[in-house]
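Got your viewer open? Let's take a walk through this one together, one selection at a time.

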Amino acid sequence: MFTYICRMCGKEFNSSEDMVVDNCSFCGSLVTLPCVSDEKQLADFLAAQKLRADGKYENAEAEFDKILKQLPDNAEAHFGKFISRYGLEYHEEWGGSRQAVCHKQIAGDVFADEDYKAAIKNAKREAKEIYETVAYQIS
């Protein structure tokens with residue numbers, strides 16, 4: 001079991017290390033999980049995700065860049081960098097649903113973003129569907 005950070009609510013939850021996606025045990029959202037082979041790699045992801053959750057988007061991008069130097073084909077690292085670039089966070093709406101909010105405006109086509117394309121190229125099917133949904137929310 002590994003501990004992950006939910007992209008939607010920012011809380012930590014446990015899941016099996018072989019899962020690609022899982023539901024957060026706090027908010028129930030279906031989220032993608034980093035494919036890592038050890039606790040060090042997971043700690044790097046958690047640090048980057050925490051920075052993004054805290055609104056430190058540029059710092060999160062830099063941390064995801066460090067991860068990508070070690071794991072250049074890691075879909076979740078590319079996607080984390082992508083959503084950090086857009087300053088993506090989720091606000092809870094009345095009724096419990098979560099709405100994507102971008103704190104940074106980037107000119108150009110979301111779907112042409114190099115990290116988004118790398119995430120889609122390297123993602124497993126379940127994660128790819130979630131990545132596509134998030135990109136549509138941003139666009």
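How many residues line the largest pocket, and which lie nearest its centre? The lining has 18 residues, and C6, R7, M8, R52 and A53 are the ones nearest the centre. Before you click on them, keep in mind that this is a predicted model.

**Stop 1: the pocket**

Select C6, R7, M8, R52 and A53 to bring the middle of the largest pocket into view. The space in there comes to about 210 Å³. Now colour α1 (39–53), α3 (75–85) and β5 (88–92), each of which gives the lining at least two residues. Helix α3 has the largest share, with four residues. If you colour the lining by class, you'll get ten nonpolar residues, four polar ones and four charged ones.

**Stop 2: rings in pairs**

Next, show the aromatic side chains. There are nine aromatic pairs to find. Start with Y4 and F13: their ring centres are 6.1 Å apart and their planes meet at 40°, so this pair is tilted. That angle falls between the cut-offs, with stacked being under 30 degrees and edge-to-face over 60. Both partners are tucked away: Y4 is buried at a relative accessible area of 1%, and F13 is buried at 2%.

Now jump to F79 and Y131. Here the ring centres are 4.1 Å apart and the planes are at 20°, so the pair is stacked. Trace the chain between the two and you'll see that the pair links distant parts of it: F79 is in helix α3, Y131 is in helix α5 (residues 125–138), and 52 residues separate them. Are these two buried or exposed? F79 has 0% relative accessibility, so it counts as buried, and Y131, at 1%, counts as buried too.

Keep F79 and Y131 selected and add F82, Y86, F111, Y116 and Y136: together, these residues form one aromatic cluster.

**Stop 3: helix α4**

One member of that cluster, Y116, leads us on to helix α4 (residues 114–122), where Y116 is among the buried residues. The others to select there are D115, A118, A119 and I120. What covers them? Among the elements over the buried residues of α4 are α2 (57–70), α3 and α5.

Then zoom in on the N-terminal end of α4, which is capped by D113. Look for a side-chain oxygen of D113 lying 2.9 Å from the backbone nitrogen of D115.

**Stop 4: along α2 and past its end**

Select K69, which sits in helix α2. Is K69 buried or exposed? Its relative accessibility is 68%, so K69 counts as exposed. For a sense of scale, draw a line from K69 to T32: the C-alpha atoms are 21 Å apart, and the two positions lie 37 residues apart in sequence numbering.

Finally, move to N74, in the loop between α2 and α3. Unlike K69, which counts as exposed, N74 counts as buried, because its relative accessibility is 9% and the cut-off for buried is under 20%.

What does the side chain of N74 reach? One of its partners is the backbone nitrogen of E76, at 3.1 Å. A polar atom of the N74 side chain also lies 3.0 Å from the backbone oxygen of C35. To finish, show the contacts of N74 with residues over four places away in sequence: you should find C35, F45 and L68.

Methods. Residues are numbered from 1 along each chain as its sequence is written. This is a predicted model: local features need pLDDT of at least 70, side-chain atom pairs count only at pLDDT 80 or more; totals for chains, interfaces and linings use all residues. Side-chain values use heavy atoms; hydrogens and water are left out. On a 1 Å grid over the protein atoms alone, a cavity is a set of points where a 1.4 Å probe fits but cannot get out, and a pocket is an open set with protein on both sides within 12 Å along at least five of seven lines; lining residues have an atom within 4 Å of a point. Grid points are joined across faces, edges and corners, and a volume is the space filled by probe spheres set on the points. Ala, Val, Leu, Ile, Met, Phe, Trp, Tyr, Cys and Pro count as nonpolar, Asp, Glu, Lys and Arg as charged, and the others, Gly among them, as polar. Rings of Phe, Tyr and Trp (its six-membered ring) pair if their centres lie within 6.5 Å; planes under 30 degrees apart count as stacked, over 60 as edge-to-face and the rest as tilted. Buried means under 20% relative accessible area, exposed over 50%, partly exposed in between (1.4 Å probe, protein chains only). Contact means heavy atoms within 4.5 Å. A polar contact is a pair of N or O atoms within 3.5 Å; within protein, one must be able to donate a hydrogen and the other to accept it, and residues adjacent in sequence count only if both atoms are side-chain atoms.
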